[in-house]
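Dear colleague,

I am passing on the structure below, followed by some notes on what turned up when I went through it. Please read the notes with the model open beside you.

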Amino acid sequence: MAEHPEIALLSRKLTNAVDRIFECVGGLDAEGLNWKPPAPEANSLYILGTHIIGNVKQNVLVVLGGGPDDRDRDAEFEASGASAHELLDRWTDVKAQITARLTELGGDILDRSYDHPRRGPSSGRELLINAVAHANEHIGHAELTRQLYDAR
């Protein structure tokens, strides 16, 4: 099946945004990955990466794609890790899965209604746009966190 142009656009916007988040972890050791800015509710780059992977998987592979939902959103905000490679490898795997799944889905998903676990009924278009917007919000968090870590 040929990929629908609007789905292709949203897929590119989504993966490009998440790629930008992961650019922020380059060259960091465990200390840098897990460092949190000294502000209430601030998150480490490892947490941000783990969270955005969970968000993208849930929206695309679970809600739109009909896959099993094993997401533990609360645990995402407790995550820590020793290596950027593990996080980047997870994103590479999820990116391939979502790209393949979105290529398989027809344009009719855009207007179809889906039941999102936290937001309730949403069209496929809303789900994809929300995922892109959410990832773009976290670009700013990730870039600022990296700048603060480098400047500390």
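Ser122 belongs to strand 2, which covers residues 120–123, and in this predicted model Ser122 has a relative accessible area of 6%, so that it falls under the 20% limit and counts as buried. Setting aside the neighbours within four places in sequence, the residues in contact with Ser122 are Arg112, Ser113, Tyr114, His116 and Leu127.

A second buried position is Gly54, which is found in helix 3 and is classed as buried because its relative accessibility is 9%. When its neighbours within four places in sequence are left out, Gly54 touches Arg71 and Glu76. Asp150, by contrast, is 96 residues from Gly54 in sequence, and the C-alpha atoms of the two are 26 Å apart in space.

Most of my notes concern helix 1. This helix runs over residues 5–23, and because each residue should add 1.5 Å, its 19 residues are expected to span 27 Å, which agrees with the 27 Å between its end C-alpha atoms. Its buried residues are Ile7, Ala8, Leu10, Ser11, Leu14, Thr15, Ala17, Val18, Asp19, Ile21 and Phe22, and the elements that cover them include helix 3 (45–64), helix 5 (84–104) and helix 6 (124–151).

With helix 6, the axis of helix 1 comes within 8 Å and crosses at roughly 20 degrees, which makes the two helices roughly parallel, since that angle is under 35 degrees. The crossing of helix 1 and helix 6 is left-handed. On the side of helix 1 the contact is made by Glu6, Leu10, Lys13, Leu14, Ala17, Val18, Arg20 and Ile21, while helix 6 contributes Arg125, Leu128, Ile129, Ala131, Val132, Ala135, Asn136, His138, Ile139, Ala142 and Glu143. By type, the residues of this contact comprise 12 nonpolar, 2 polar and 5 charged.

With helix 5, the axes lie 11 Å apart and the packing angle is about 175 degrees; as that is over 145 degrees, helix 1 and helix 5 are roughly antiparallel to each other. Here Ile7, Ser11, Leu14, Thr15, Val18, Asp19 and Phe22 of helix 1 meet Leu87, Leu88, Trp91, Lys95, Ile98, Thr99 and Leu102 of helix 5, and the residues of this contact divide into 9 nonpolar, 3 polar and 2 charged. Leu14 and Val18 of helix 1 are named in the contact with helix 6 and also in the contact with helix 5.

Best wishes

Conventions: Residues are numbered from 1 along each chain as its sequence is written. This is a predicted model: local features need pLDDT of at least 70, side-chain atom pairs count only at pLDDT 80 or more; totals for chains, interfaces and linings use all residues. Side-chain values use heavy atoms; hydrogens and water are left out. Helices (H or I, at least four residues) and strands (E, at least two) are DSSP runs, numbered from the N terminus. The expected span of a helix is 1.5 Å times one less than its number of residues. Buried means under 20% relative accessible area, exposed over 50%, partly exposed in between (1.4 Å probe, protein chains only). Contact means heavy atoms within 4.5 Å. Axes are lines fitted to C-alpha atoms, for helices over the stretch in contact, and angles run from 0 to 180 degrees between N-to-C directions. Angles under 35 degrees count as roughly parallel, over 145 as roughly antiparallel, 65 to 115 as roughly perpendicular and the rest as oblique. A crossing is left-handed if the near helix is turned anticlockwise from the far one by less than a right angle, and right-handed if clockwise. Ala, Val, Leu, Ile, Met, Phe, Trp, Tyr, Cys and Pro count as nonpolar, Asp, Glu, Lys and Arg as charged, and the others, Gly among them, as polar.
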